[in-house]
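Open the structure in your viewer and keep the selection tool at hand. Each stop below tells you what to pick next.

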Amino acid sequence: MLSVVPASVTVRAPSKVNLHLAVGDLRPDGYHDLRTVFQALSLHDQVTVAPADTLRVEVRGPDAASVPTDSSNLVWRAAEMVAERAGRTPDVEITIDKGIPVAGGMAGGSADAAATLVALDALWGLGAGRSDLDEIAAQLGSDVNFCLHGNTALGTGRGEQLVPVLSRGTFHWVLAIAKDGLSTPVVFRELDRLRASGDPQRVGDADELLHALGAGDPHALAPLLGNDLQSAALSLNPALRRTLRAGVEAGALAGIVSGSGPTCAFLVDDQRAAVEVSAELSGAGVCRTVRIASGPVPGTRVVDPARS
Ligand code: C5P
């Protein structure tokens, strides 16, 4: 039987917010041990792969100019790694439609890498199992595994070791996207510096937060959100304090810096509150743009052309 090679494959990958992010001490390999609760959000990137004569990357969307299209883009390495395993050349064009803020602490680069793994697996008919993709994902970056899996999960190690977390219902978020990005390694280094010269408060354990997620109760969840990287992000970009304050004044239940920032994520009551808070925040002039999202959503998956 002849196998049909698709002309292209399109994949959707979610962004993430860390509901709880406890950062341990610096490890000898330059990473920090994490204990984090991730939630996948509906703000997503879409990646399309199609056969080409050589590996090429194209980026679309309002932030396209700030995304590299050369081998420094994580999708490039992702394509090379899948091709190497398949014993072929990575002769594909990868088109990234960016919906996730660039350098925003929402795993946009990791989402694109995860999408590339799933898309090439489908385009080349490799039939790689989850564990194969997980193995490559862990080598690409700390958040790539979570972008593959989606939903809500507890991450340990660098953040790449995941166990699913029970989360009931849908949580609603408003995201304040800053004018400039923050570099993840710079934020971790700033936290090391702050810890060397005092000890910024650390988040406790995640037990109560996991309970609130299981109950599906945003009011119980709101005061339990916590992020050890927040003090470092605020130290590098003090204007984020104003953004966080403005979101709560606009009616959010709570606000945190998402991952290494600078995106601020505000938990709100419901869809209606999301619209109200987002309108209020847009008018407050404390960020570049505002988006509404909900979570948890599934991980990286092929978009069914009939349903997109
Ligand atoms: O894994 P990823 O490439 O996304 O990480 C980017 C940088 O963030 C790392 O080089 C490291 O400086 C920092 N990092 C860390 N500890 C982690 C994850 C990331 O120090 N667990």
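**Stop one: a residue in a strand**

Select Ile292, which sits in strand S11, residues 289-295. Keep in mind that this is a predicted model. Is Ile292 buried or exposed? Ile292 has 17 other C-beta atoms within 10 Å, so it counts as partly exposed. A buried residue would need 20 or more.

Now show what touches Ile292. Leave aside neighbours within four places in sequence. The contacts are then Val174, Ala274, Val275 and Ser278.

Next, draw a distance from Ile292 to Gly127. The two lie 165 residues apart in sequence, and 35 Å apart in space, C-alpha to C-alpha.

**Stop two: the two domains**

Colour residues 9-165 as domain 1 and residues 171-295 as domain 2, following the domain assignment. How far apart are the centres of domain 1 and domain 2? Taken over C-alpha atoms, the separation is 22 Å.

Look at where the domains meet. Here 24 residues of domain 1 are in contact with 33 residues of domain 2. On the domain 1 side, the elements giving two or more residues are strand S1 (9-26) and strand S2. That side of domain 1 is made up of 15 nonpolar residues, eight polar and one charged.

**Stop three: strand S3 and its partner**

Select strand S3, residues 56-60. Turn on the side chains. Val57 and Val59 point to one face and are buried. Arg56, Glu58 and Arg60 point to the other face and are not buried. In a regular strand, side chains alternate between the two faces of the sheet.

Add strand S4, residues 92-97. S3 and S4 pair in the parallel sense, over five bridges. Find Arg60: the bridge partner of Arg60 in S4 is Asp97. Then trace the chain from S3 through helix H1 (residues 74-86) to S4. This β-α-β crossover is left-handed.

**Stop four: around the ligand**

Finish at the ligand. Select the residues around it: Gly30, Tyr31, His32, Leu34, Gly141, Ser142, Asp143, Arg158, Gly159, Thr184, Pro185 and Phe188. Strand S2 (32-51) and helix H5 (184-196) each give two or more residues to this shell. Which element gives the largest share of the shell? H5 does, with three residues.

Colour the shell by residue type. You will find four nonpolar residues, six polar and two charged. Now bring back the domain colours. Domain 1 and domain 2 each supply at least three residues of the shell.

Definitions and conventions. Residues are numbered from 1 along each chain as its sequence is written. This is a predicted model: local features need pLDDT of at least 70, side-chain atom pairs count only at pLDDT 80 or more; totals for chains, interfaces and linings use all residues. A residue is near a molecule or strand if its C-beta atom, placed from the backbone, lies within 6 Å of it. Helices (H or I, at least four residues) and strands (E, at least two) are DSSP runs, numbered from the N terminus. Ala, Val, Leu, Ile, Met, Phe, Trp, Tyr, Cys and Pro count as nonpolar, Asp, Glu, Lys and Arg as charged, and the others, Gly among them, as polar. Domain bounds come from an automatic or database domain assignment. A residue is buried if 20 or more other C-beta atoms lie within 10 Å of its own, exposed if 12 or fewer, and partly exposed in between; C-beta atoms are placed from the backbone. Two strands pair if DSSP finds at least two bridges between them. A crossover is right-handed if, with the strands pointing away from the viewer, the path from the first strand over the helix to the second runs clockwise. Two residues are in contact if their C-beta atoms, placed from the backbone, lie within 7 Å.
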